[in-house]
Amino acid sequence: ERERELRVPKSLQEGKKVFVTMSAADGVVNVDDEALDPGFLLRVFQLMCIASTVALFLSGIPTIRTLKLQGATGTVPFAPYATAILNCGLWLSYGVLVSESTVLLVNSIGLLLNVWYLFEFAKVARGEQQRRVFHSVLAVVGATAAVDAYVFVVLQGAPELGSHRLGLIAAASSIVFIASPLATIVTVVRTQSTASMVFLFCVLNFVMATSWTVYGQLVADRFIQVPNAIGTFLAAIQLSMFALFPSTQSNKPRQGP
């Protein structure tokens, strides 16, 4: 019998799972350690999480430009920007506590963008609305500072307990933030029109939530996985609205970040 040449990569020597293939023509057995590289899948979803989340955060720029051109806030609410700042701030603290670089990156970008959005909103707001924006900023800063003080100071000697409780708070904040589109869904069902929704935004929201759900599974972090699984479900409902209630006006400018 012909001798078989076995090419054994380093990963096989380290006990990793690999693919084994053999060429009948030359009798060479090749062991492919790239196909099942667990780090490869993680990197793919890291990039998907970063790209989809940053794209979603950037979607607020057209609205802010419109407000600046009009010199008035119109019917655009400021609450989405304030809640996004709170949500990003909590997740930024969580990323610091558990040393999660992907969470740190996207929420740093999200925090900066939404602070800018709210600042620009406040510049064109008038009277009582401007005061409410100011009060919301104080509330968000106060809430974030209180949570950080509790986790980083009070629970300083118990990092695991701190990360668990901060994860619960951040996840709860995400669920509230993610559930906000339910109001839009109610409007769509009542009017039987998706004119109040933006299809591209809904697609980005679905991709983002799905990516973070898988990423949370890969890094074994249920605080990332659970709220985004809920977000995936809600985003899927939003997308289904376009099939149930199609509208030629569904691409109207979105009012919010």
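A residue counts as exposed when its relative accessible area is over 50%. The structure described here is a predicted model, and that cut-off is applied to several of its residues below.

**Overall make-up**

The chain contains 10 helices and three strands. In sequence order these elements follow the pattern β-α-β-β-α-α-α-α-α-α-α-α-α. Buried residues make up 39% of the 257 residues. Among contacts with a separation of 6 or more, 71% join residues that are 24 or more positions apart. The accessible surface of the chain is about 14,400 Å², and carbon and sulfur atoms account for 66% of that surface.

**Two loop residues with positive phi**

Ser-99 sits in the loop between H4 and helix H5 (101–124). Its phi is positive, at about 55 degrees, although Ser-99 is not a glycine. With a relative accessible area of 63%, Ser-99 is exposed, because the cut-off for that class is over 50%.

Ala-220 occupies the loop between helix H9 (199–218) and H10. This residue, likewise other than glycine, has a positive phi near 55 degrees. Ala-220 is exposed, its relative accessible area being 70%.

**A nonpolar surface patch**

Val-96, Tyr-150, Phe-152, Val-153 and Val-154 make a nonpolar surface patch of about 440 Å². Helix H6 (residues 127–154) supplies the largest share of the patch, with four residues. Val-153 is found in H6 and is exposed, with a relative accessible area of 56%.

The exposed residues named so far are listed here with their values.

| Residue | Relative accessible area |
|---|---|
| Val-153 | 56% |
| Ser-99 | 63% |
| Ala-220 | 70% |

**Helix H7**

Helix H7 covers residues 159–178, which is 20 residues. At 1.5 Å a residue, a span of 28 Å is expected, and the C-alpha atoms at the two ends of H7 are 27 Å apart, so the model agrees with the expected span.

The buried residues of H7 are Gly-162, Ser-163, Leu-166, Gly-167, Ala-170, Ala-171, Ser-173, Ser-174 and Ile-178. Viewed down the axis of H7, these buried residues fall within an arc of 160 degrees, and therefore they line one face of the helix. The partners against which the buried residues of H7 pack are helix H4 (79–98), H6 and helix H10 (222–244).

Two of these partners also appear in the loops described above: H4 borders the loop that holds Ser-99, and H10 borders the loop that holds Ala-220. The third, H6, is the helix that gives four residues to the nonpolar patch.

Definitions and conventions
Residues numbered from 1 in each chain as written. Predicted model: local features only at pLDDT ≥ 70, side-chain atom pairs only at ≥ 80, totals over all residues. Heavy atoms only, no water. Patch = residues over 30% accessible without salt bridge, like charges linked within 9 Å, V, L, I, M, F, W, Y side chains within 5 Å. Areas by Shrake-Rupley, 256 points an atom, 1.4 Å probe, with all protein chains shown as cover. Salt bridge = Lys/Arg side-chain N within 4 Å of Asp/Glu carboxyl O. Buried < 20%, exposed > 50% of the residue type's maximum accessible area, 1.4 Å probe, protein only. Expected span 1.5 Å × (residues − 1). Arc of directions from axis to C-beta. Contact = heavy atoms within 4.5 Å.
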